[in-house]
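Student: I would like a close look at a single part of this model, taken slowly and with its surroundings in view. Could you choose one helix and walk me through how it sits among the elements around it?

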Amino acid sequence: MKTITIITMVFLLGACGNKTEQTITVQSMKATEGTVVLTTLSANSKKEMVNIPTVQCGMCDMNITSALEKVSGVQEFLVNIDDKNVFVIFDSHKTDLSKIEKAISMVGYQANQMKADPVVYDALMGCCKLPKDRKGKGMM
Ligand SMILES: [Cu+2]
């Protein structure tokens with residue numbers, strides 16, 4: 001059976017709007033879609049898609065990646081900046097969707113109906129905010 005290791009974008013170096021990185025994310029999504037066979041899966045594993053409608057760029061990918069890596073019970077995930085969602089596979093005995101949404105919210109991004117933490121959102125780099133919220137600080 002073909003097993004594909006999902007490569008999370010840990011090497012994004014903070015270049016906002018870096019097209020190459022976004023392309024890599026999309027390709028890895030397509031490569032794994034429908035064939036997600038992961039060694040870490042268990043009987044308690046659940047897969048959920050979380051909408052992250054405010055993400056903009058590779059920096060957002062990195063921020064969300066580092067947040068999800070810290071959630072105990074999250075087994076695999078794929079951030080898709082172009083489609084503005086993240087597929088998360090997690091142990092349903094260790095965590096749940098609301099904890100995952102909360103972790104994303106706490107790094108400044110909306111997750112499904114859970115709004116971004118406003119203080120963290122405000123401190124994001126300009127390129128990681130909605131175009132209407134970009135002014136001055138951190139603008140690239
Ligand atoms: Cu960003």
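Tutor: A residue is called buried here if 20 or more other C-beta atoms lie within 10 Å of its own, and exposed if 12 or fewer do. With that in hand, and bearing in mind that this is a predicted model, let us take helix α2, which covers residues 58-69. By the cut-off just given, G58, M59, C60, D61, M62, N63, I64, A67 and L68 of α2 are buried, so that nine of its twelve residues are covered in this sense. For the chain as a whole, 32% of the 140 residues count as buried. The length of the helix can be checked as well: at 1.5 Å a residue, the twelve residues of α2 should span 16 Å, and because its end C-alpha atoms are 16 Å apart, the expected and the computed values agree.

To see what surrounds the helix, it helps to set out the whole chain, which has four helices and three strands, arranged from the N terminus as α-β-α-β-β-α-α. The three strands form an open sheet in the order β1-β3-β2, with antiparallel pairing. The edge strands, each pairing on one side only, are β1 (45-51) and β2 (74-80), and the twist from one strand to the next averages 15 degrees. Helix α2 packs on this sheet, where it touches β2 and β3, and its direction makes about 170 degrees with that of β2. Helix α3 (residues 97-105) also packs on the sheet, but touches β1, β2 and β3, and its direction makes about 40 degrees with that of β1.

The strands that α2 touches deserve a closer description. Six bridges join β2 to β3, and the two run antiparallel; one of the pairings sets E76 against I89 in β3. These strands form a hairpin with four residues between them, and in that turn K84 has a positive phi of about 55 degrees. In β2, seven of the seven residues are buried. On the other side of the sheet order, seven bridges join β1 to β3 (residues 85-91), again antiparallel, and here K47 stands opposite I89.

The buried side of the picture comes together in the largest nonpolar core, which has 28 residues, and among which I52, C60, I64, V86, V88, I104 and Y109 touch the most other members. At least two residues of this core come from each of α2, β2, β3 and α3, and the largest share, six residues, is supplied by α2. One contact of the helix can be followed from the other partner: leaving aside neighbours within four places in sequence, I52 is in contact with I64, K84, N85, V86, I104, Y109, Q110 and A111. I64 belongs to the buried set of α2, and K84 is the residue of the hairpin turn already described.

Finally, consider where the chain goes after the helix. K70 is found in the loop between α2 and β2, and it counts as exposed because there are 10 other C-beta atoms within 10 Å. K70 and I100 are 30 residues apart in sequence, while their C-alpha atoms are 10.0 Å apart in space. Over the chain, among contacts between residues at least 6 apart in sequence, 65% join residues at least 24 apart.

Note on methods
Residues numbered from 1 in each chain as written. Predicted model: local features only at pLDDT ≥ 70, side-chain atom pairs only at ≥ 80, totals over all residues. Pairing = 2+ DSSP bridges. Axes fitted to C-alpha atoms, helices over the stretch in contact; angles between N-to-C directions. Contact = placed C-beta atoms within 7 Å. Expected span 1.5 Å × (residues − 1). Core = buried A, V, L, I, M, F, W, Y, C linked by C-beta atoms within 7 Å.
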